[in-house]
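Trainee: I would like to take a close look at a single part of this model and then follow how it connects to its surroundings. Could you walk me through it once the structure is in front of us?

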Amino acid sequence: MRLYHNPLSSNARRVLLTASHLGIKLDQVIIDFANEADRKRLEEVNICGKVPVLEDDGLHLWESCAIMQYLADKQGAAELYPTALKERADINRWMFFGAQHFAPAIGILTWEYLWKKLVTGEGPDPVEIKKGETYVHEHASVLDKHLATRQWLSGDKLSLADFAVAAPLMYLGRAKVPVEQYQHLLAWFERIQQLPAWQQTEAPWPF
Ligand SMILES: N[C@@H](CCC(=O)N[C@@H](CS)C(=O)NCC(=O)O)C(=O)O
């Protein structure tokens with residue numbers, strides 16, 4: 001299987017975490033967004049022109065959470081993604097929460113603090129920063145309450161939900177994500193960072 005990605009993408013990180021944890025070897029194609037030929041190549045496999053994209057025997061699958069689920073199912077990895085209806089529904093729920101709420105909130109801050117300068121040359125906009133911080137607080141407080149009585153997001157063990165929600169926290173420090181007050185969330189993220197999969201998928205900051 002081949003993965004088109006970029007090591008700085010937190011959406012790609014979700015997939016890399018899953019593959020690493022499951023011991024799946026992927027043929028990795030790194031997309032450089034500054035390179036026109038790379039962008040063209042990416043558009044051939046993803047009409048949206050975004051990473052990550054998984055290629056498997058004629059299938060081109062994009063959307064990071066869909067790729068995570070595909071890899072786990074293909075591997076028969078029921079410990080990360082159980083097949084029991086209610087357990088799976090609970091994991092799906094947190095994956096959607098991550099994709100729909102938590103990651104976009106952090107995404108405002110990563111854009112303002114990290115990417116915007118590189119892409120447009122402009123500095124952070126305080127109004128956007130405030131908006132990002134407000135959204136992060138809204139969703140981090142939910143996670144913190146939920147994690148007050150548990151080690152992992154779904155059930156009593158690590159699952160795809162943890163990888164999906166944790167991935168954008170790879171920019172916790174650089175994007176000044178305001179979660180210092182959420183002790184249960186931070187303890188959970190510390191557990192994630194101790195996992196070999198997290199450590200094996202860490203990419204150096206190139207700028
Ligand atoms: N919902 C998609 C989001 C993918 C996405 O936004 N990828 C970013 C990198 S994190 C990207 O490729 N951006 C390049 C662009 O938009 O030109 C997923 O979860 O896979």
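How many nonpolar, polar and charged residues does the shell around the ligand have? And could you then take helix H1 (residues 10–22) as the part to examine closely?

Mentor: This is a predicted model, and what follows should be read with that in mind. By class, the shell around the ligand has 4 nonpolar, 5 polar and 2 charged residues. The residues concerned are Ser 9, Ser 10, Asn 11, Phe 33, Gly 49, Lys 50, Val 51, Pro 52, Glu 63, Ser 64 and Ala 99.

That list leads to the helix you asked about, since the ligand's surroundings include Ser 10 and Asn 11, and helix H1 covers residues 10–22. The length of H1 agrees with expectation, because 13 residues at 1.5 Å a residue should span 18 Å, and the end C-alpha atoms of the helix are indeed 18 Å apart. Just after H1, Gly 23 takes a positive phi of about 70°.

As to its environment, H1 is mostly covered, with 11 of its 13 residues buried; these are Asn 11, Ala 12, Arg 13, Arg 14, Val 15, Leu 16, Leu 17, Thr 18, Ala 19, Ser 20 and His 21. Asn 11 is thus both one of the buried residues of the helix and one of the residues that surround the ligand. The elements against which the buried residues of H1 pack are strand S1 (2–5), helix H3 (64–75), helix H6 (160–166) and helix H8 (196–200).

Arg 13, which lies in H1, deserves a separate look. Arg 13 counts as buried because 28 C-beta neighbours lie inside 10 Å, the cut-off for a buried residue being 20 or more. Leaving aside residues up to four places away in sequence, Arg 13 touches Ala 167, Met 170 and Thr 201. Its C-alpha atom is separated by 13 Å from that of Ala 66, a residue 53 places away along the chain.

The helix also has a part in how the domains meet. The domain assignment of the protein gives domain 1 (2–75) and domain 2 (85–195), and the centres of the two, taken over C-alpha atoms, are separated by 21 Å. Between them, 9 residues of domain 1 are in contact with 10 residues of domain 2. On the side of domain 1 that touches domain 2, H1 and H3 each supply at least two residues, and the largest share, 5 residues, comes from H1. By class, that side of domain 1 has 4 nonpolar, 3 polar and 2 charged residues.

Helix H6, one of the elements against which the buried residues of H1 pack, contains Ala 166. With 26 C-beta neighbours inside 10 Å, Ala 166 counts as buried. Not counting residues up to four places away in sequence, Ala 166 touches Phe 189 and Ile 192; the C-alpha atoms of Ala 166 and Ile 192 are separated by 7.6 Å, although the two residues are 26 residues apart along the chain.

Finally, a word on a hairpin elsewhere in the chain: strand S3 (residues 53–56) and strand S4 (residues 59–62) pair in the antiparallel sense over 4 bridges, and Glu 55 has His 60 in S4 as its bridge partner. This hairpin has 2 residues between the strands, and Asp 57 takes a positive phi near 50° there.

Technical notes. Residues are numbered from 1 along each chain as its sequence is written. This is a predicted model: local features need pLDDT of at least 70, side-chain atom pairs count only at pLDDT 80 or more; totals for chains, interfaces and linings use all residues. Two strands pair if DSSP finds at least two bridges between them. A residue is near a molecule or strand if its C-beta atom, placed from the backbone, lies within 6 Å of it. Ala, Val, Leu, Ile, Met, Phe, Trp, Tyr, Cys and Pro count as nonpolar, Asp, Glu, Lys and Arg as charged, and the others, Gly among them, as polar. The expected span of a helix is 1.5 Å times one less than its number of residues. A residue is buried if 20 or more other C-beta atoms lie within 10 Å of its own, exposed if 12 or fewer, and partly exposed in between; C-beta atoms are placed from the backbone. Two residues are in contact if their C-beta atoms, placed from the backbone, lie within 7 Å. Domain bounds come from an automatic or database domain assignment.
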